[in-house]
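Okay, everyone, thanks for coming. Let me put the structure up on the screen and walk you through a few spots in it.

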Amino acid sequence: MSRTKLPRAALVGCAFVLTVGCIPEGEHYDVSVEPGSGPEVAEDSTLALLFEEAAAEAGIPVDVLKAVAHTETALEPAIGEVEFEGQPAPYGLMGLRGDELAAAAELVGEDVEVVKTDDRVNLRAGAALLARYADEAGLDETSRLDPLAWAPALARLGHLEEDLAQEYATDVMFKVRTGLAVPMEDGSTFVIGRNDPDAESMIAKQASGLSAAGVTWLPSPNYNSRGGSRVEMVVIHTCEGAYSGCVGWLRQSQAQASAHYVVKENGGQVAQLVDENNRAWHVAASYRKSLNGNQLPARNGQSVNTFSIGIEHGGRASQSSWPAAQINRSVSLVRDITGRHNIPRDRYHIVAHGKLQPENRTDPGPNWPWTSYLAAISAGSGGGGGGTTPTVITVDNATSGRFRASSNWGVSSWASGRIGANYRYRSPGQVSDLAEFKVNVPAAGRYEVFTRVPGNGYNNDAPFFVNHAGGRTTVHRNLSQRGAQWVSLGTYSFNSGDQWAVQASCWTTGTGYVIADAVRFERR
C-alpha cells in the first residue's frame, strides 16, 4: 500500500566532532544525568494511523497492538517464509499463521488471502483476535482500558506451552511498559507509548544482563547421536518469527526440527535445546564443498548436521537490521563454541544457513552484519581464531571512564536502535559543548571509525572531525534516516595508546538533534 510521510516536527540540531578538547570545565567522566520523560523525536509514521484505527475498532489499547506487531515482525510484514518444514507460515504485520490466521479472518469477515497481504486488514484481524483472547481471559471493560492489564490475553497468542506463553507475554508487556521509538525504513519514527513510571529502571536492569553468561535449558526431543563426529562448523539461522514461538515449535516432536541454541531478540536469553555432543536437526541438506570455498572436503556429501552446531536467532531473514544486543550475545555464544571445539573463526566455519541450502533458504538474510560479526568473534582469545588484540573496539556512553558530557546533553532510552540502556542527545547552541568518547587503541594500524545512530529524525548535516595519526579529517554525514545503524566516518591510521577521543559538538546549521550513543573502531 502507498504510505505518505507526515510532516516531521521541527528539530534543531547539533554536530559531531572527533578531536580533542573543548569539554566544558568541571565536566568529568561518569557524571550521571536524569533521563527525560518523553521521546525526543515525535512519531510521524503513517503506519501508526493504521494501528490506531484497528485498535479503536477492536477496543484494545493501541500500544498493546503495536507491541505485539513489533515482537512478531519488527513492523516488517511477514510474507509466508518459514524456517522449519511443517510450521504454519506467518503473514502480515501481525505475523498471523495457521488456525489463528483463519480465526482472525473470520472475526473481521475477510478472506484469508486478503488478511495475508493487506496491512490494514491484517491489523484489524490481529486486533480482533486479541479482543477475543481478552474475552477468554476474563478482562472486563475497565481492565481493557489499561495497557498493563493485557498479559493474560497475550499469553494465549500462538498456543504456546505455559512457560513460553508467560515469557512471550512478558516480552510484549516490557515494550508496553517501557515504550519504544522505532526507526522505519522510510525515515519516519513509529512510537510505542511508555505506560509504566518505573520504565527507566526496567530498561537499565535488562541492559545490565545482556551479556550474562549461561543459557536456559529447554530440551527438544528432535535430535540423535553424532556418532562421535567432531564439530567443525557453526551454522547461523533465523527463526522467521519471534523467539518464544520458535522455541515452542522446536520443542514439539511434530516439528521434526531443532537447533542447539536460540538467541532472543533483545539478547537477554539464550535457550539451549540440544546438547552440543548430539546432532540437532537444523539443516536439511548434505554438505557441498563447492558452496563453501571448497573447504572441509572430507565432509563433502555428509549431512551438515553431523559436524555442525546450529544457532537460531529470533527474527526474519528479510528484516532490514538486527538488534545490537542480539548480535553481541550471538558473538559471545559463537566465540565460546569455537573456543571449546577449536573451530577456525572465519567465514568458512561460521556459515549462513542460506549458503549451505540455497535452494530454499536465505537466512540469516542480506542484512546480517557479517563483517563486524566475524571480526567481533575473532577478537576473542583462544580457540581456532583470533589472538588477544581486539579487532573491534566499542565505547558506549555508559562505558565506565570512557564518556563525558555536560548536563546540557539529555538522556533518552526511547530509540530502539540504541546501544546499551540509553544514549545522549542535545539541542543546538553557538557554544563549545562537546560529548566525548575516549578510545584506547591497543595496537597501531588502520581502523574504520563508526558512530551509532539509534533512531531516525536526527541531524541531517553532521560534520565530523577525525583526529588520527595523519592529522585531522573533516567529514559530513546525514543522520536523519540512518536509524539503528553504524555510520562510517572513514578509515584512518592510529598509533597504539589511550589518547584518541571521539567528540560531538553543537555547532551546525543542520536540522535534528545530535546523538552521542556509541562509537566503534574496526581494524582493517
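**A hairpin, a sheet and some empty space**

Let's start with a hairpin: E21 runs into E22 through 2 residues. Keep in mind as we go that this is a predicted model. The two strands of that hairpin, E21 at residues 462–468 and E22 at residues 471–477, pair antiparallel over 7 bridges. If you want to find the pairing on screen, look for Ala462, which sits opposite Arg477 in E22.

Now over to an open sheet. What order do its 6 strands come in? Reading across, you get E7-E11-E10-E13-E9-E14, and the pairing is mixed. Strand E7 (216–217) and strand E14 (350–352) are at the edges with a single partner strand each, so each has one side with no neighbour in the sheet. Further in, strand E9, residues 233–236, and strand E13, residues 308–313, pair in the parallel sense, with 4 bridges. There, Met233 stands opposite Ser308 in E13.

Two helices I'd like you to see pack on this sheet. H10 touches strand E10 (261–263), strand E11 (270–272) and E13, and its direction makes about 165 degrees with that of E10. Helix H13, residues 370–378, touches E9, E13 and E14, and its direction is at about 155 degrees to that of E14.

Hang on to H10, since we meet that helix again in the second largest pocket. That pocket holds about 580 Å³ of space. Its lining takes in 25 residues, and those nearest the centre are Arg97, Glu100, Gly158, His159 and Leu160. Which elements each supply at least two residues of that lining? They are helix H2 (62–73), strand E4 (96–97), helix H3 (98–107) and helix H10 (243–250). H10 gives the largest share, 4 residues. By class, the pocket lining comes out as 11 nonpolar, 9 polar and 5 charged residues.

Last stop, the cavities. How many of 30 Å³ or more turn up in a search of the whole structure? The search finds 3. The largest cavity has about 50 Å³ of space in it. Of the 13 residues that line the largest cavity, Val41, Ala181, Thr189, Ala415 and Tyr458 are nearest its centre. Strand E5, residues 180–183, contributes the largest share of that lining, with 3 residues. And the classes here are 9 nonpolar, 3 polar and 1 charged.

That's my tour, so over to you for questions.

Terms used:
Residues numbered from 1 in each chain as written. Predicted model: local features only at pLDDT ≥ 70, side-chain atom pairs only at ≥ 80, totals over all residues. Heavy atoms only, no water. 1 Å grid on protein atoms, 1.4 Å probe; cavity = no way out; pocket = protein on both sides within 12 Å on 5 of 7 lines; lining within 4 Å. Points joined across faces, edges and corners; volume = space filled by probe spheres on them. Nonpolar A, V, L, I, M, F, W, Y, C, P; charged D, E, K, R; others polar. Pairing = 2+ DSSP bridges. Contact = heavy atoms within 4.5 Å. Axes fitted to C-alpha atoms, helices over the stretch in contact; angles between N-to-C directions.
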